[in-house]
Structure formats: structure tokens, C-alpha cells
Amino acid sequence: MTTARATARATAIRINARAGIVIAMAGFLGVVAFFWPFLVAPGKFGSHYAPPLIFGVLLVIVLCVVISEIAEGGINSKALAMLGVLSAVNAAIRPLGAGTAGIETVFFILVLAGRVYGPGFGFTLGCTSLFASALITGGVGPWMPYQMFGCAFVGMLAGFLPRASGRKEVALLAVYGSLSGYLFGFLLNLSFWPFSLDPNSSIAYLPGLPFTEQLQRYLAFDLATSLGWDTGRAVTNFICICLAGPAVLTVFRRAARKARFQAPIRFAPRRTTDGGPGTKTPAGPGTPPGAATGRRGSKRAGP
């Protein structure tokens with residue numbers, strides 16, 4: 001079996017053209033929601049906290065639309081069961097790290113599942129696992145839609161990584177897991193940066209500045225306040241994927257082979273014994289010759 005055929009068979013959620021367009025539009029809105037400080041000045045909607053809340057509500061609506069579009073024709077009961085199991089596992093192991101010193105135990109499963117089961121599955125798993133984790137840990141708040149969308153990006157992009165096998169694949173996923181740890185922190189900080197510092201600070205958001213100067217301020221803010229946490233997340237992802245990656249990939253691919261998510265459904269012709277068209281019934285004792293054919297309109301013997 002070639003790698004391409006194996007990959008196609010392992011894809012748990014099929015993304016049709018319409019769902020792909022919806023996901024692309026959702027991704028664009030997600031980027032706009034994350035980078036709102038460069039697009040909307042704080043206080044423009046009457047409050048400094050209005051833009052992230054508005055975009056947070058929009059992200060929830062968009063995520064519901066995307067997941068419903070994916071589920072309409074691209075997910076079956078087996079993929080749904082796998083999604084529920086992995087979401088529960090992610091929600092259960094996330095409190096083990098609890099974000100202490102940046103240690104996050106939820107991302108490496110997103111990366112490995114997105115790699116094996118495809119970008120659609122990774123996107124959906126990122127949303128559902130963070131939602132379930134927020135309900136368990138009490139982390140429901142205006143930041144939750146941004147966390148869900150950030151993890152959805154992490155899982156989806158893992159499904160688009162180039163082909164590799166063996167140690168090269170594990171190394172590729174480990175490097176991507178490290179980079180995704182920094183990317184997640186970079187995106188999440190954008191949602192609250194404008195109102196988290198004193199406006200007189202040299203790294204605070206200042207409306208009206210050119211884009212380049214605003215970006216320099218944000219990069220300085222990110223390095224000063226989040227680099228340590230992002231590094232802890234990146235190191236955790238790298239170590240978890242290097243140590244557990246080969247075994248987890250094997251288990252995921254074995255489950256994909258057993259489940260055969262996208263196996264075509266074929267219906268066998270119905271076989272009856274009532275003497276209908278195209279069927280034969282066994283001849284019993286005393287049955288005249290030729291009467292056991294069960295054919296309608298058969299020729300009768302002449303006089």
C-alpha cells in the first residue's frame with residue numbers, strides 16, 4: 001500500500017468543497033479576530049473590552065457553523081466516536097499540566113491526531129477538546145473562543161505537513177509541536193494586549209501608531225511577558241512527541257485501519273427463496289423435472 005493510499009484511508013473526516021470554503025472563511029475571520037488590535041482601536045465600540053467580546057461571540061458562531069458543515073456530510077459514527085474519545089482524553093490530561101510554567105499536555109495529541117486523521121479532524125478536535133476542558137476546569141470565559149480557535153489551527157495545520165516516515169516524521173512533528181507552542185501564545189496574547197498594560201508603557205498598545213511601530217511594541221510585549229510560558233509549552237510538546245509520538249502514531253494508524261473511516265458502502269443483492277425472479281429453489285421429492293427452476297414465463301411442454 002502506498003503512502004498516499006494509506007493517508008487517504010486514514011482521513012477520518014472528509015472535507016468537501018463547500019466545507020473547505022467555509023473553513024477558509026472561518027480561518028480568515030479567526031485571523032481578523034486575533035489581530036483586532038491592528039484593525040480596531042480600543043474604545044471604538046464604547047468600551048475597551050467590547051472588541052474582544054464581539055469577536056469572541058463571532059468565533060463561537062463561526063465554529064458552530066464550521067462543525068455543523070463538517071458533520072453534515074463528512075463525518076460518520078466511527079469518526080464521531082474517535083472524536084469523542086480523544087476529546088475526553090485531552091480534557092482529562094490537560095489539568096495534569098494546568099499551564100504551570102507553560103507546561104501544557106494537550107497539544108501533542110492534537111498534533112498527532114491531526115497528522116494521522118487529517119486536517120478536518122484536527123480542526124474539530126481542537127475545538128471540542130478545549131471546550132470540554134474548559135467545562136471541566138471551570139475555564140469558561142471570553143478567552144475560551146480564542147483558545148478553541150488557536151487549538152483548531154494547531155490541529156488543522158498538522159494535517160497539512162509534508163509526507164515523512166519513521167524518525168523523520170517524528171522529528172518533523174516534534175519541531176512543528178515546538179513552533180505551534182510559540183504560535184499559540186503569540187495569537188492568544190493579541191486578544192488582551194491593548195488593555196493589559198499602562199498606556200504610558202513603552203510596550204503598551206497606542207492607537208494611531210503605524211503598523212510597523214505597533215508590531216514592534218507587541219513583539220516586545222510578547223517577549224517580555226510570554227516568552228517563558230511559550231518556551232515551556234514548546235519544550236513540553238517536543239519532549240512528549242519525541243517520547244510518546246512513535247507509539248501513539250502506531251495506535252492511531254492501527255485504529256484507522258480497523259475503522260476504515262472512508263470505506264465505501266456496498267449493498268449485496270438480496271437473495272430470496274420464494275421463487276422470485278432470478279432465484280432457484282431446491283427440488284423436493286415428487287417435483288416434476290424442470291419445475292425447480294422458479295422462472296416465470298417458462299415454456300410449457302407442447303401436446
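Trainee: Let's start with Glu169. Is Glu169 buried or exposed?
Mentor: Glu169 is buried, with a relative accessible area of 3%. Keep in mind that this is a predicted model.

Trainee: Okay, and which side chains does Glu169 meet in salt bridges?
Mentor: One of them is Arg115, at 2.9 Å from N to O. Another is Arg253, where the N to O distance is 2.5 Å.

Trainee: Where do Glu169 and Arg115 lie?
Mentor: Glu169 lies in helix α8, while Arg115 belongs to helix α5, residues 107–117. The two are 54 residues apart, so this pair links distant parts of the chain.

Trainee: And what does the pair of Arg253 and Glu169 tie together?
Mentor: Arg253 lies in helix α9 and Glu169 in helix α8, so their salt bridge ties together parts that are 84 residues apart in sequence.

Trainee: How do Arg115 and Arg253 compare for burial, then?
Mentor: Arg115 is buried, as is Glu169. Arg253 counts as partly exposed, because its relative accessibility is 30%, which falls between the 20% and 50% cut-offs.

Trainee: How many salt bridges are there in the whole structure?
Mentor: A search finds three. Besides the ones we covered, Arg233 and Asp230 meet through their side chains, at 2.9 Å from N to O.

Trainee: How far apart are Arg233 and Asp230 in helix α9?
Mentor: They are three residues apart, so about one helical turn separates them. Both of these residues are buried.

Trainee: Which residues do salt bridges with shared partners join into one network?
Mentor: That network is made of Arg115, Glu169 and Arg253.

Trainee: Switching topic: which residues form the nonpolar patch on the surface?
Mentor: Val175, Leu179, Val235, Phe238, Ile239 and Leu243 form it, and together they have about 580 Å² of accessible area. Two or more residues come from each of α8 (166–190) and α9 (211–259).

Trainee: Which element gives the most to the patch?
Mentor: That would be α9, with four residues.

Trainee: What about Leu179, why does it count as exposed?
Mentor: Its relative accessible area is 55%, so Leu179 is over the 50% cut-off for exposed residues. You'll find Leu179 in helix α8.

Trainee: Last one: is Leu83 buried or exposed?
Mentor: Leu83 is buried, with a relative accessible area of 7%. Leu83 sits in helix α4, residues 77–97.

Trainee: How far is the C-alpha atom of Leu83 from that of Phe121?
Mentor: The separation is 7.7 Å, with their positions 38 residues apart along the chain.

Conventions
Residues are numbered from 1 along each chain as its sequence is written. This is a predicted model: local features need pLDDT of at least 70, side-chain atom pairs count only at pLDDT 80 or more; totals for chains, interfaces and linings use all residues. Side-chain values use heavy atoms; hydrogens and water are left out. Patches are made of residues with over 30% relative accessible area and no salt bridge: like charges are joined within 9 Å, nonpolar side chains (Val, Leu, Ile, Met, Phe, Trp, Tyr) within 5 Å. Accessible areas come from the Shrake-Rupley method with a 1.4 Å probe; for residues, only the protein chains shown count as cover. A salt bridge is a side-chain nitrogen of Lys or Arg within 4 Å of a carboxyl oxygen of Asp or Glu. Buried means under 20% relative accessible area, exposed over 50%, partly exposed in between (1.4 Å probe, protein chains only).
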